[in-house]
Amino acid sequence: MDDIAAVRVNPILATIDIDPDNLNLKAKGKWATCYIEFPEDYDVRLINIGTPENPLVFLEGVIPAETDPKYGFVTDPDEYLTNHDEDWILERMVKFDRQALAELLSQGTSGLTTLIVTGEIIAFEGSDTINVKDGGSSTTSSSSTIGKGGK
Ligand SMILES: [Ca+2]
Ligand SMILES: [Ca+2]
């Protein structure tokens, strides 16, 4: 654990609000909804939740935020950017599988429980175009060998 702590870059201390506030482990319900708010100077629009193959936001380090693009709240900023607590700071909404959470917490957890949400700021990407010239092929000799062999 000490090694992990040593390589961590100071994370942004986000304000997390998870709904429901009271989780009945036996109740059916598809989602645990989570609102992520950043302190000033950071923009929740930069949160990258990743893809189904490579999720980047986790609840308790093990339950990935839903990333399936079939859900509007995954792909549509009008849905996932909100101001749930009605202050002046935007929040990023993500959803976790409530049954996965219930399963995790059913392993001996009850009462007030702190849940940790982790993620990363979006990676950056840019591009430039370069002109690549074919400087002659080194396969010429082997091609001619093949050609001779074909006769
Ligand atoms: Ca809450
Ligand atoms: Ca807010």
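The paragraphs below lead through a predicted model of a protein chain, from its overall make-up to one of its sheets and then to its core.

The protein chain holds five helices and seven strands, and when these elements are followed from the N terminus they come in the order α-β-β-β-β-α-α-β-β-α-β-α. Of its 151 residues, 16% count as buried. If one takes the contacts between residues at least 6 apart in sequence, 60% of them join residues that are at least 24 apart.

One place to look is an open sheet of three strands, in which the order is β4-β3-β7 and the pairing is antiparallel. Its edges are formed by β4, at residues 63-64, and by β7, at residues 117-118, each of which pairs on one side only. Strand β3, made of residues 58-59, is joined to β4 over two bridges in the antiparallel sense, and within this part of the sheet Phe 58 stands opposite Pro 64 of β4. As general background, the strands of a sheet pair through backbone hydrogen bonds, in either a parallel or an antiparallel way.

From the sheet the reader can turn to the largest nonpolar core, which has 16 residues, and in which Cys 34, Ile 36, Val 57, Val 94 and Phe 96 touch the most other members. Strands β2 (31-37) and β6 (91-97) each supply at least two residues of this core, and β2 gives the most, with four residues. Phe 96 can be followed further: leaving aside residues up to four places away in sequence, Phe 96 touches Trp 31, Ala 32, Cys 34, Leu 59, Ile 63, Ala 65, Glu 66 and Leu 101.

Conventions:
Residues numbered from 1 in each chain as written. Chains lettered and ligands numbered in written order. Predicted model: local features only at pLDDT ≥ 70, side-chain atom pairs only at ≥ 80, totals over all residues. Pairing = 2+ DSSP bridges. Buried ≥ 20, exposed ≤ 12 C-beta atoms within 10 Å, placed from the backbone. Contact = placed C-beta atoms within 7 Å. Core = buried A, V, L, I, M, F, W, Y, C linked by C-beta atoms within 7 Å.
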